[in-house]
Structure formats: C-alpha cells, structure tokens
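User: I am new to this structure. Please show me how to read its features, step by step.

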Amino acid sequence: ALMIQNQLARFMQEDANDVFASELRKALLIRIQKGQDLFWNDFLSWFYVQQKEYSKAFVQQKAIYKRAPDSFSNIVNLAQLAMDDNDEEVAVEMLGFIIENTKDLDLQIASNTYLMEMKIKKSAPTEYEKIDAEFDELIKRFGVTPYSFPLLKLKAHFVSFNKNNPEEGKAILKNMLLMPLNQEQMAETKMELADVFLFDEKFNQALLYYSQIESDSNNNPIGQEASLKIAKTSYYKADFDWAEHQLKILKSATTQLIANDAMDLFLLLNDAKSEEDSLKVALTKFSKADFLHFQNKNDQALAAFQSILTEQKGTQLEPATLLKIAKIYEKANNSDQALTYYNLIITNHKESIYMDEACFFAGELYAKKPDIELAKASFEQVIINHQDSIYYVEAQKKYRKLRGDKDL
C-alpha cells in the first residue's frame with residue numbers, strides 16, 4: 001500500500017486542477033460505504049493528510065477506533081502532523097481524545113507532552129510558574145522513569161530556555177543519562193544537554209557532546225543534526241572558516257531540512273567572505289544576534305538585528321537580517337510586523353536566496369488572517385518562480401486548499 005500511496009501522492013502533486021484528487025476521494029468514499037473494511041477508512045485518512053485536512057482525517061481515525069480500539073497510535077501520529085503544520089486546534093482536540101480514551105502509559109505521556117509543548121509555545125513569561133507546576137504534577141503522576149522520557153526532556157528544555165535556569169536543566173538531563181535509556185533516547189538526551197551548555201555559553205562542553213553524538217551515529221539523521229550544530233556553534237563563536245568547512249560536508253545531508261539549513265548558513269558565510277572586511281565585522285555582530293535568538297532572548301536579538309539592518313543597508317546581509325527580524329516577530333505572534341519584513345524582502349530583494357522563504361511564510365501568515373487573495377498570490381509566487389524551493393510542494397498544497405477546492 002505504501003508504494004501505491006507514494007505514486008498517488010506524486011499524481012496529486014502534478015495534477016494542477018485536482019481532477020485526479022477529486023476522483024480518488026469519491027472512489028474511496030464509495031469503497032467505505034460499500035464494505036466494512038477499515039483499510040479504506042485508513043486510506044481516506046491518508047488522503048486527507050495529503051490535503052492537510054487534519055480534522056477530516058481525524059473523523060476517519062475515530063471511525064476506525066470505534067471498531068478497532070487498539071488503533072490509537074495513528075491518532076497520535078495525526079496529532080503530531082497537525083502540530084507540525086500549526087493546526088493546533090485540531091491537535092488539541094485529538095490529544096484530549098487520546099487522554100480520555102486510553103490507559104496506555106506511553107500514549108498518555110506522549111499526549112500530555114505534546115499538550116505542554118503547545119502551551120509553552122503560546123505562553124507569556126508571567127505563565128511560566130504555572131506551567132512549571134503543571135510539569136511537576138505530571139512528573140509526579142508518571143514518575144521519573146525511561147517511560148516519562150519525552151516529558152522530562154521537555155521540562156529540561158523549558159526551565160533552561162524559557163525560565164533561563166540552565167543549571168536545573170542540566171541536572172534533569174544528567175539524571176536522565178543515568179537511566180536505562182535506549183540508544184536513540186541517549187543521543188536525544190545528549191543533544192538537549194549540549195543545547196543547554198550552548199545556551200549557557202559553555203561552547204566547548206557543548207561541542208564535546210555534539211561530537212559524541214556525531215561519532216556514535218554513523219551518519220544517520222541525529223548524527224547529521226549534531227554535525228549541523230557543531231557548525232552552528234562555531235558560527236556563534238565567530239569561527240566562520242571552521243563553520244564553513246563543516247557545512248560543506250553537510251550540504252548533501254539525507255534529510256532535506258538539515259541540508260537546507262546547512263545550505264542557508266553556508267551561503268550566508270560564503271557571501272560575507274566575498275566582501276570586504278567591514279562585512280566580516282558585521283557578520284560577527286549578526287552571529288551574536290543569532291545566538292541571542294537561539295537563547296530565546298528575543299527582545300535583545302531583535303534590537304541587535306535592527307541595528308545591523310541600519311548599518312547594512314544595501315549589503316548582502318540586508319535580506320538575511322530582514323528574514324531574521326520577520327521570524328522573531330512571527331515567533332512572538334506579531335504577524336503584522338512579520339509581514340512588513342517579509343514584504344521588504346519580496347519588494348526589494350527579488351534576487352536574494354531568501355525570496356522563496358519570504359513568499360512562503362508570508363503566504364502562511366496571510367492564510368491565518370485570513371486574507372485569502374494575498375495568501376494565494378504569495379504561494380503562487382513560490383509555485384511559478386521557485387520550483388527548486390523546498391517549500392514548492394507545500395506551497396502547491398496550500399494554494400489549492402485556498403483556491404477553494406471544496407470537494408477535497
């Protein structure tokens with residue numbers, strides 16, 4: 001079935017008028033009405049996920065659950081997809097459903113962890129104490145064991161990056177390393193610990209842990225992520241030559257996101273190298289501002305990027321700085337300001353490597369407003385002018401949904 005789904009997904013991407021998708025949906029609905037085979041509900045759920053219609057997929061998964069109550073993991077996966085795609089309302093509904101209906105400890109913990117993750121994302125500093133108390137309540141309920149791994153790891157991240165208490169974060173993570181974790185959990189814990197050391201400006205300790213993960217993991221995705229973080233750490237320290245050397249190796253990474261991140265940073269460093277010394281100085285300021293952003297010190301990062309913007313008018317660093325400022329505003333849920341900065345890239349830096357990202361992210365923000373026409377126009381720019389963008393396929397899907405292909 002997986003091979004067939006991959007082929008169908010390809011047809012759906014290439015089908016500009018959605019005739020194929022519409023026919024496929026009808027065929028699946030007919031199969032479901034005719035027979036009792038849950039396979040078709042699952043297939044229809046998969047179809048809706050392709051269309052980013054998570055609430056419709058959830059309806060199918062609930063129908064499956066009513067007749068096969070052991071099929072919960074599908075709903076967990078679906079909630080995760082909805083979260084990744086910022087469809088939080090549906091995700092919260094799904095997670096609530098799981099928590100209400102399952103006795104499975106792993107699923108209870110996973111669902112509660114995802115809910116906490118979304119709470120943190122939305123929260124203001126005044127709510128941190130309350131969130132911390134909720135963490136403690138959950139940890140008391142589920143215990144400090146390898147089962148509660150995702151919850152403990154999230155708590156460590158929260159106290160370090162949100163509450164600005166890296167010592168507590170390190171203590172939680174070092175305690176986790178003493179547990180009987182599996183290989184993957186061990187690597188993830190070390191990665192989080194390295195991130196906390198980096199947050200705390202203990203660059204060498206961070207590098208030590210990243211390097212351990214890199215050498216233990218024979219080039220699998222978590223190893224490649226560690227390699228990227230080694231490059232980023234060098235970049236934060238303003239050791240640009242070494243960072244660039246690391247990134248060259250990573251540009252062919254197997255996971256698209258890591259390759260893309262590596263490429264972005266590589267091009268930024270490469271551009272700056274080709275300019276005169278004044279840009280090297282500016283790049284050092286830029287990496288410092290970026291480091292503040294990594295530390296979640298968003299107000300300071302914003303001020304630092306704003307002053308770079310004033311000094312770097314018309315240089316290679318201007319569009320990169322505009323993108324960073326837009327991202328910080330977006331993170332702070334200030335979509336109007338974010339759009340202002342994305343639009344400065346779209347209007348004034350048509351040739352820049354950040355054009356596709358600016359159009360795509362602007363499209364997402366317009367769609368949320370909702371300002372359908374402007375959202376469509378933004379996604380259309382990615383589709384027409386940036387076929388090689390990693391956002392190309394996503395832009396197509398989102399464009400079709402906005403175009404009102406209601407049948408889907």
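We start with the whole chain and then turn to one pair of helices.

User: What kind of model is this, and how many helices and strands are in the chain?

Analyst: This is a predicted model. The chain has 22 helices and zero strands.

User: How do I judge the overall form from the radius of gyration?

Analyst: Compare the value with the one for a compact globule of that many residues. For 408 residues, that would be near 22 Å; the chain has 23 Å, so the two agree. The C-alpha trace spans about 70 × 50 × 45 Å along its principal axes.

User: What share of the residues is buried?

Analyst: Buried means under 20% relative accessible area. In this chain, 51% of the 408 residues are buried.

User: And what do contacts say about sequence distance?

Analyst: Take contacts between residues at least 6 apart in sequence. Of these, 53% join residues at least 24 apart.

User: Now the pair. At what angle do the axes of α5 and α6 cross?

Analyst: Helix α5 covers residues 72-84, and helix α6 covers residues 88-101. Their axes come within 8 Å and cross at roughly 155 degrees. Angles over 145 count as roughly antiparallel, so α5 is roughly antiparallel to α6.

User: Is the crossing of α5 and α6 left-handed or right-handed?

Analyst: The crossing is left-handed.

User: Which residues make the contact?

Analyst: From α5 come F72, I75, V76, L78, A79, A82 and M83. From α6 come A91, M94, L95, F97, I98 and N101. By class, the contact of α5 with α6 has 12 nonpolar residues, one polar and no charged.

Conventions
Residues numbered from 1 in each chain as written. Predicted model: local features only at pLDDT ≥ 70, side-chain atom pairs only at ≥ 80, totals over all residues. Heavy atoms only, no water. Axes fitted to C-alpha atoms, helices over the stretch in contact; angles between N-to-C directions. Helix = DSSP H or I, 4+ residues; strand = E, 2+ residues; numbered from the N terminus. Parallel < 35°, antiparallel > 145°, perpendicular 65-115°, else oblique. Left-handed = near helix turned anticlockwise from the far one by under 90°. Contact = heavy atoms within 4.5 Å. Nonpolar A, V, L, I, M, F, W, Y, C, P; charged D, E, K, R; others polar. Rg over C-alpha atoms; globule rule 2.2 N^0.38 Å. Buried < 20%, exposed > 50% of the residue type's maximum accessible area, 1.4 Å probe, protein only.
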